Amino acid sequence: MGVREGKNVCIVTDTKKIGVAKIVMAEAISAGAIVSLCIMKPQAYHGEEPPPPIAAAMKASDVSFSPTTMAISHTKARLEAREAGNRHCLMAGFTLDILISSGLNADPITRK
């Protein structure tokens, strides 16, 4: 995702996924990024728009991560952020187990 020193990173989460968001935040901070953590209530359905302040934070950042209960990938906020140059990592449904397992390090080509 290109997270490195000086890059602005926005982490959008909800109250059910704060544990996952904290791990993402710690990694971004350790890479030297400038991190904003935005917490909202869990959304009712996939594609529900995040609150306007969160949409603005996404648009103003270089990279955003969304460890949320419901996906925000098909939202106006995410599309406008992309048009502004934001790279987004959808993490809807991620759990702590997913982050600590080797699943994220798997190579889909060699299946190792």
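Biologist: How do you know that the whole structure holds zero disulfides?

Modeller: A disulfide is a pair of cysteine sulfur atoms within 2.5 Å, and a search of the whole structure finds zero of them. The cysteine sulfur nearest to that of C10 belongs to C38 and lies 3.9 Å away, and C10 is in no disulfide. The sulfur of C89 is 13 Å from the closest cysteine sulfur, in C10, and is therefore too far for a bond. This is a predicted model, in which local features need pLDDT of at least 70 and side-chain atom pairs pLDDT 80 or more, while totals for chains, interfaces and linings use all residues. Residues are numbered from 1 along each chain as its sequence is written, and side-chain values use heavy atoms, without hydrogens and water.

Biologist: Why is C10 called buried, and why is C89 called partly exposed?

Modeller: Buried means under 20% relative accessible area, exposed over 50%, and partly exposed in between (1.4 Å probe, protein chains only). C10 has 1% relative accessibility and therefore counts as buried. C89, at 21%, therefore counts as partly exposed.

Biologist: What makes the buried residues of α3 lie on the same side?

Modeller: Helix α3 (residues 76-83; helices are DSSP runs of H or I, at least four residues, and strands of E, at least two, numbered from the N terminus) has the buried residues A77, R78 and A81. They cover an arc of only 95° around the axis, taken from the directions to the C-beta atoms, so they are on the same side of α3. The face turned away from that buried side carries the exposed residues K76 and E83.
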